[in-house]
Amino acid sequence: MSRTVKNADIDGGRSVMLVGVVHVTDQKNVTFCPDDPVPGVVEPFVRTGKGQLMRDGTFDFTPQPSSKRRRGILLKKVAHGRLSATKDGAFLLTLKVFKHEGLDVENVMEKEAKEAIGEGFRTWQK
């Protein structure tokens, strides 16, 4: 058997060392093929991160920390935006009108801002 599997604790987590061949294409695709594949040795994952392939062939992958989206509370939805109460204790009014809609942008934004603020804060205070 040409496979070497070692279990070790690194940074408080389980680490498995596999022996195999890495294929690198000229288009920066990297594929690892273990010498002796064994189902269940590692858990599969998909993760965003930064991979570095050095000139000597060493490869390092650092996962990007998962971002925790802050969810606000929707106070009022209008045709071109919304008014929300954010988790950090602020209020956020977002309006977006595309030029190609052919609308009087100034009037639309003024009308929808007043609608969002008036009705949104009434529901917030209840």
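User: Contact means heavy atoms within 4.5 Å. Leaving aside its neighbours within four places in sequence, which residues is Glu 112 in contact with?

Analyst: This is a predicted model, in which local features need pLDDT of at least 70 and side-chain atom pairs count only at pLDDT 80 or more, while totals for chains, interfaces and linings use all residues. Residues are numbered from 1 along each chain as its sequence is written, and side-chain values use heavy atoms, with hydrogens and water left out. Glu 112 belongs to helix H1 (residues 105-125); helices (H or I, at least four residues) and strands (E, at least two) are DSSP runs, numbered from the N terminus. Leaving aside neighbours within four places in sequence, the contacts of Glu 112 are Val 78, Ala 79, His 80, Gly 81 and Leu 95.

User: Which side chain of opposite charge is nearest to Glu 112?

Analyst: Lys and Arg count as positive and Asp and Glu as negative, with His and the chain ends not counted. Glu 112 is buried, which means under 20% relative accessible area, with exposed over 50% and partly exposed in between (1.4 Å probe, protein chains only). Glu 112 has no salt bridge, that is, no side-chain nitrogen of Lys or Arg within 4 Å of a carboxyl oxygen of Asp or Glu. At 6.1 Å, the nearest side chain of opposite charge is Lys 111.

User: In what order do the elements of the protein run from the N terminus?

Analyst: The secondary structure comes to one helix and nine strands. Buried residues make up 12% of the 126 residues in the protein. From the N terminus on, the elements run β-β-β-β-β-β-β-β-β-α.

User: Which strands stand at the edges of the sheet with the order S7-S8-S9?

Analyst: This is an open sheet of three strands with antiparallel pairing, where two strands pair if DSSP finds at least two bridges between them. S7 and strand S8 (residues 81-85) are joined by five bridges, and Lys 76 stands opposite Leu 83 in S8. Two strands have a single partner each, so one side of each is left without a neighbour in the sheet. These edge strands are S7 (73-78) and S9 (91-95).

User: Which elements give two or more residues to the largest nonpolar core?

Analyst: A nonpolar core is a set of buried Ala, Val, Leu, Ile, Met, Phe, Trp, Tyr and Cys residues joined through side-chain atoms within 4.5 Å. The largest one has five residues: Leu 75, Val 78, Leu 83, Ala 85 and Ala 116. The elements that give this core two or more residues are S7 and S8.

User: Is Leu 74 exposed, partly exposed or buried?

Analyst: Leu 74 is found in strand S7. Beyond its neighbours within four places in sequence, Leu 74 is in contact with Arg 82, Leu 83 and Ser 84. Its relative accessibility is 44%, so Leu 74 counts as partly exposed.

User: Which residues are linked with Lys 76 in a network of salt bridges?

Analyst: Lys 76 forms a salt bridge with Glu 119, the closest N and O atoms being 2.9 Å apart. Because Lys 76 lies in strand S7 and Glu 119 in helix H1, this pair ties together parts that are 43 residues apart in sequence. A salt bridge also joins Lys 76 to Glu 115, with the closest N and O atoms 3.9 Å apart. The network thus links Lys 76 with Glu 115 and Glu 119.

User: How many residues apart in helix H1 are Glu 110 and Lys 114?

Analyst: The side chains of this pair meet in a salt bridge at 3.3 Å, N to O. Glu 110 is partly exposed because its relative accessibility is 42%, whereas Lys 114, at 57%, counts as exposed. Their separation is about one turn of the helix, and the number of residues is four.

User: What phi does Lys 28 take in the hairpin of S3 and S4?

Analyst: Strand S3 (residues 20-24) pairs with S4 in the antiparallel sense over five bridges, and Val 22 stands opposite Phe 32 in S4. Lys 28 lies in the loop between S3 and S4 and counts as exposed because its relative accessibility is 71%. Although Lys 28 is not a glycine, its phi is positive, about 70°.

User: What distance separates the C-alpha atoms of Asp 36 and Val 19?

Analyst: Asp 36 lies in the loop between strand S4 (30-34) and strand S5 (49-53). Its relative accessibility is 26%, so Asp 36 counts as partly exposed. Asp 36 and Val 19 are 17 residues apart along the chain, and their C-alpha atoms are separated by 8.1 Å.
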